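Me: I've got a model open and want to learn how to read a ligand site and a single residue. Can you walk me through it?

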Amino acid sequence: MLDSSQLDTVSGVSALAHAELLSGSQASVSIKRRQSILFVTSEIADYIKAGGLGEVAAALPRALRHHYDVRILIPGYRQVLSQISDLEEIARLPASFGIPACGLGRGTTQDGLTVYVLLCSELYDRDGSPYVDSFGADWSDNDIRFARLGLAAADIACGNGDPLWRADLLHLNDWPSGLASAYLAWRGQRIPTILTIHNLAYQGNFDRGRLSHLGIPDAAFQINGVEFYGKLSFLKAGIYYSSHITTVSSTYAQEITRPEFGCGLDGLLRTRAEEGRLDGIINGIDASWDPSTDPYLVSRFSAENFRGKRANANTVRKSFGLDLSSGPLFAVVSRLVHQKGVDLAISAAETIVSQGGQIAVIGQGEPRFESELEALAGRHPGSIGVKIGYDEGDARRMYAGSDFLLMPSRFEPCGLSQMYAQRFGSLPIAHKTGGLADTIEDGVTGFLFGEPSLNRFKDAIRRGLETFRSRSRLTTMRRAAMNRPHGWDRSASRYQEVYERACQAALA
Ligand SMILES: Nc1ncnc2c1ncn2[C@@H]1O[C@H](COP(=O)(O)OP(=O)(O)O[C@H]2O[C@H](CO)[C@@H](O)[C@H](O)[C@H]2O)[C@@H](O)[C@H]1O
């Protein structure tokens, strides 16, 4: 029997088939080719991560690799080039309109996943995040940078990249790869494409004057195409031209078909839903999120025995400048943006402190939230501690040490933090929206509130504080939260179903 790493080697020439031995009395040998999937992403946690997409891009292909020959395509940012040791240039992709030529590199992750990397230093080799410079401003050439990604995805999928490989299906993620399905459509290539929307609020909208630079036909600049209220929209292009759309929870899949959550795209998304081409598939969390093995924790624990939480709580208190206390510890681990309801958390903070609670916050994002949080901590020394920045170890110890996670997001496509918190025995207090509604059971594994208002949020916090005062209820809820399965298996099977449907539809 071949193991998965050998299979990857075999399918390195994916046009070849691999033999799958039928078991038992069946004497014949069936030849079945593993389908090849190109997973296109603008971030992957192995090398560079700006948010939840990076984590999903690292986990989902791995959950699918036993069934498919899945390969990743990512721009060659500085952080990617410096971390893939076996990267070699295997092809050149030509310039097209205003999109520069680039090299196509191929390398492997530490666990043997094939990664294609766009080698184009003028577009990608710079400091900063994938999307913004070190001052938080969008890169001014983001349209070209991500059109380069979409065009390369279309080329590689058709076999015009790696001479030994082509894709049976393209899996695109968010606006940065949205143009790939459009380029395929304009060339008449019928490769099935799935677009996963991780956040509808980020759309990649640009001036229509950019069309000719990006090789977009004028005829496509219309409502049935890439036009979005007078702008060119990469996300709309992806939604319009992809064979199938998924988003990262069932509730968000319904929400985005309504004007309140649809960010102007609800009409098109409603049509896709009616056509049976929009599905919600909840994200999972990977196996590293296990409090009994996590190397970042100062003391490990499990649902059977969570005494070790206390040592993590004390470490968090110390590192956030909080007083030693036996009261409830609340955590916020978040990008500091309007979506996440940071302002609600700031407004509710006094209520928590007045009831003997403490709050530790780690995050970075909009400067106004960063300074308001620092001012809040200044007003409550010993009770509220804030770190502006990003630190995975701190985040993991906060999930492990806290009693509650505050997540008053106004909208939340899926959310990962609430699943990490539950796994680590911290009860999320969250707005009942999107993936939060789908992954938290109110009063059982956390606390949900129905509308994103300060009063409703404070009510839910009060319910949390009451629970804290009853040891037995707290223990029951913690245990229920820690035992909730949030693994990738079920979600990976749902993606398989969608892939199959998209492939069958392409053959019809
Ligand atoms: N300062 C900090 N230090 C350390 N770790 C930090 C941190 N700030 C955030 N994190 C971590 O970053 C991740 C954020 O993931 P989320 O899914 O909550 O958000 P995001 O909005 O980026 O993702 C979008 O895409 C994902 C993936 O589909 C959807 O779940 C989500 O709803 C959607 O908004 C979490 O793992 C969190 O622990």
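Me: Which domains does the shell around the ligand draw at least three residues from?

Reply: Start by asking which parts of the chain feed a site. In this predicted model, domain 2 (35-284 + 489-507) and domain 3 (309-483) each give at least three residues to the shell.

Me: How many residues surround the ligand, and which are the closest?

Reply: There are 27, with G51, G52, H198, A395 and C414 the closest. By character, the shell splits into eleven nonpolar, eleven polar and five charged residues.

Me: Which element gives the most to that shell?

Reply: That's α2, with four residues. Helices α2 (52-64), α13 (392-401) and α14 (417-423) and strands β15 (329-336) and β16 each supply at least two.

Me: What does UniProt place at residues 327-474?

Reply: Treat a record as a label, then look at the fold under it. The unreviewed UniProt entry puts "domain: Glycosyl transferase family" there. Over that stretch the chain is 47% helix and 22% strand, and its end C-alpha atoms are 13 Å apart.

Me: Now one residue: where is E366?

Reply: Look in the loop between β16 (358-365) and α12 (367-379).

Me: Why does E366 count as partly exposed?

Reply: Count the C-beta atoms around a residue: 20 or more within 10 Å means buried, 12 or fewer means exposed. E366 has 15 others within 10 Å, so it is partly exposed.

Me: What is E366 in contact with, leaving aside its neighbours within four places in sequence?

Reply: L336 and V337. L336 is 30 residues from E366 in sequence, yet their C-alpha atoms are 5.9 Å apart in space.

Methods: Residues numbered from 1 in each chain as written. Predicted model: local features only at pLDDT ≥ 70, side-chain atom pairs only at ≥ 80, totals over all residues. Contact = placed C-beta atoms within 7 Å. UniProt positions renumbered as here; feature names shortened; annotations may be inferred. Near = placed C-beta within 6 Å. Nonpolar A, V, L, I, M, F, W, Y, C, P; charged D, E, K, R; others polar. Domains from an automatic or database assignment.
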